[in-house]
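Welcome! Here is a short briefing to read alongside the sequence and the 3D view, grouped by topic so that you can find your way around.

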Amino acid sequence: MNKGKQPGETGQKLAESVEQRDLAEGNAQGLPTDGTLSPRKVSRGLLGVREAARRDRKLQFTALLHHIDVPLLRASFEALNRKATAGVDGVTWGAYREGLCERLEDLHNRIHKGQYRAQPSKRGRIAKEDGSERLLGIAALEDKIVQQAVVRVLNQIYEEDFMGFSYGFRPGRDPHGALDALWVGLSERPINWVLDMDIRGYFDHIQHDWLIRFLGYRIADKRVIRLIGKWLKAGVLDQGKWLSLSEGSPQGAVISPFLANVYLHYVFDLWSEHRRRKQTQGAMIMVRYADDIVVGFQHREEAEAFHRELVVRLNGFGLSLHPIKTRLIEFGRYALIRRKAAGKGKPETFDFLGFTHICSRSRRGVFTIWRKTVGKRLHAKLRAIKKELRCRMNESVPETGKWLRSVLQGYYHYFAVPNNLSALVSLRYQLGRAWLRMLRRRSQKARKHLSWEKFKRIQEYWLPKPQIYHPWPNVRFRRQHLRQEPGAVIPHAGICAGGAS
């Protein structure tokens with residue numbers, strides 16, 4: 001471990017000032033808390049790494065590769081998706097499991113002898129709602145194993161560094177944690193303006209040189225940096241043609257979400273938190289889930305200034321805000337009052353993590369935020385289900401019923417939040433109508449005799465009725481963050497205000 005200088009100069013030296021915030025009382029000396037891996041799942045050596053990272057925010061780690069041992073590789077293999085599509089190697093999870101001990105021993109030896117070679121990712125495509133395509137990179141199985149192991153090691157360091165308002169792709173954190181933090185911040189802070197942002201093609205525009213430089217702030221083990229460099233340079237295989245990637249990290253690679261978080265930690269999180277502390281006079285909240293960012297402000301002029309400066313900041317690191325998906329809107333408790341008094345109607349809405357956020361009032365007249373399933377999401381889900389139903393035309397009712405039940409239960413698991421029951425009821429109703437039409441098309445007899453009343457008995461048996469599974473956001477947020485400010489705007493780690501000028 002080394003306390004050497006951190007890299008990063010572009011005309012001016014990167015700022016290295018650190019503002020230390022005391023840890024919450026009672027957690028100062030504890031082992032991993034919320035948003036971290038359980039100590040029972042982490043080796044003693046990795047717990048030592050975490051403790052060292054916690055004690056010294058500038059510490060550089062010079063010896064990390066030895067933590068990637070056979071047990072860690074086995075745990076990483078077991079954590080992979082067993083039904084995932086094979087990469088360019090054509091090896092599936094089940095096939096690799098045969099002779100697993102020998103395979104992992106050989107992989108371990110190649111890693112530590114420098115003989116491990118990263119393979120190109122296989123190009124995959126997913127259609128997006130706007131008609132464009134999301135490009136995926138499906139890594140080879142051994143690359144997935146090693147990437148998973150590296151992420152488990154580096155998480156011990158970066159979970160001490162990442163900010164409290166960063167929720168995407170982190171252990172112990174999920175979209176509902178971000179949604180809860182946003183709801184509490186908007187409800188309980190004097191927020192009047194919301195800057196809803198989306199970084200255009202984020203994963204495809206991560207600059208490799210900047211990423212390696214950022215990683216060097218904490219990782220001085222060149223063998224680990226070399227491993228990451230191999231994955232970045234491996235490129236993709238698209239319809240038999242190898243393509244080099246001069247920038248970006250393929251979506252679908254196990255390590256890509258972690259690298260994306262590191263990149264935005266230095267490009268956005270530290271910068272915005274430093275700016276909030278030093279330049280913002282009014283209230284301000286921030287919630288980030290990967291490249292989806294919502295920032296709330298008390299004053300419009302501060303929101304506009306933040307937006308202007310952020311555009312310049314991102315451009316310096318090869319990134320840009322999506323011109324359509326990025327909006328500054330009047331939103332919040334006082335925005336609702338002012339707009340109503342001026343006869344302007346309700347404030348605009350914005351979408352975040354699948355929910356449309358709406359300013360409203362409870363039956364008692366108390367300000368609240370309603371969250372409804374994004375209409376496009378709901379319609380896209382219905383289209384996908386109807387398409388699959390047509391493919392299951394000749395299946396028995398029990399077979400189709402079991403599948404539809406699992407689909408609905410999975411949908412409820414995410415979208416069953418307070419005030420969203422009507423959207424779930426609508427989905428179940430529309431799904432039932434689609435199933436009835438499918439059954440009627442199977443034969444003349446079914447078309448004649450299967451009425452809606454008869455079908456309702458089938459629907460009641462197979463399609464579960466929706467109910468609210470998630471508690472109110474403030475209840476869950478208070479339970480998980482007993483000593484944090486609303487909106488998770490105060491980080492649990494030290495703050496290093498830096499970046500390129």
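## A first look

On the surface, Lys387, Arg390, Arg437, Arg441 and Arg447 gather in a patch of positive charge. The model is predicted, so local features need pLDDT of at least 70 and side-chain atom pairs count only at pLDDT 80 or more, while totals for chains, interfaces and linings use all residues. Residues are numbered from 1 along each chain as its sequence is written, and side-chain values use heavy atoms, with hydrogens and water left out.

**Surface patches**

- Patches are made of residues with over 30% relative accessible area and no salt bridge; like charges are joined within 9 Å, and nonpolar side chains (Val, Leu, Ile, Met, Phe, Trp, Tyr) within 5 Å.
- For charge, Lys and Arg count as positive and Asp and Glu as negative, while His and the chain ends are not counted. The place of a charge is taken as NZ of Lys, CZ of Arg, CG of Asp or CD of Glu.
- One member of the positive patch, Arg390, sits in helix α12 (residues 375-391). Helices (H or I, at least four residues) and strands (E, at least two) are DSSP runs, numbered from the N terminus.
- Arg390 counts as exposed because its relative accessibility is 52%. The cut-offs are under 20% relative accessible area for buried, over 50% for exposed, and partly exposed in between (1.4 Å probe, protein chains only).
- A nonpolar patch on the surface is formed by Leu421, Val425 and Ile468, which together have about 220 Å² of accessible area. Such areas come from the Shrake-Rupley method with a 1.4 Å probe, and for residues only the protein chains shown count as cover.
- Within that patch, Val425 belongs to helix α14 (residues 421-440) and is partly exposed at 42% relative accessibility.
- Ser422 lies in helix α14 too, and its relative accessible area of 49% makes Ser422 partly exposed. The C-alpha atoms of Ser422 and Thr373 are 9.6 Å apart, with their positions 49 residues apart along the chain.

**Salt bridges**

- Side chains of opposite charge can pair when their charged atoms come close. Here a salt bridge is a side-chain nitrogen of Lys or Arg within 4 Å of a carboxyl oxygen of Asp or Glu.
- How many salt bridges does the structure hold? There are 25 of them.
- One of them joins the side chains of Arg57 and Glu160, at 3.8 Å from N to O. Arg57 is in the loop between α1 (44-55) and α2 (70-79) and Glu160 in the loop between α5 and α6, so this pair ties together parts that are 103 residues apart in sequence.
- Are these two partners buried or exposed? Arg57 is buried at 15% relative accessibility, and Glu160 is buried at 6%.
- Arg392 and Glu395 also meet in a salt bridge through their side chains, at 3.0 Å from N to O. Arg392 is buried, with a relative accessible area of 16%, whereas Glu395 is partly exposed at 24%.
- Arg50, Glu51, Arg54, Arg57 and Glu160 are joined into one network by salt bridges that share partners.

**Arg170 and its partner**

- Arg170 is placed in the loop between α5 (141-158) and α6 (175-188), where its relative accessible area of 5% makes Arg170 buried.
- Glu159 forms a salt bridge with Arg170, with the closest N and O atoms 2.9 Å apart. Both residues lie in the loop between α5 and α6, so the pair ties together parts that are eleven residues apart in sequence.
- The side chains of Arg170 and Glu159 also share a polar contact of 2.9 Å. A polar contact is a pair of N or O atoms within 3.5 Å; within protein, one must be able to donate a hydrogen and the other to accept it, and residues adjacent in sequence count only if both atoms are side-chain atoms.

**A serine pair**

- Ser249 is in the loop between β8 (241-243) and α9 (256-279) and is buried at 4% relative accessibility.
- The side chains of Ser249 and Ser256 are joined by a polar contact of 2.6 Å.

**Positive phi values**

- Most residues other than glycine have a negative phi.
- Ala290 has a positive phi, near 60 degrees, and lies in the loop between β9 (284-289) and β10 (292-297). Ala290 is buried, with 7% relative accessible area.
- Leu353 has a positive phi of about 55 degrees, in the loop between β12 (350-352) and β13 (355-361). Leu353 is buried at 11%.
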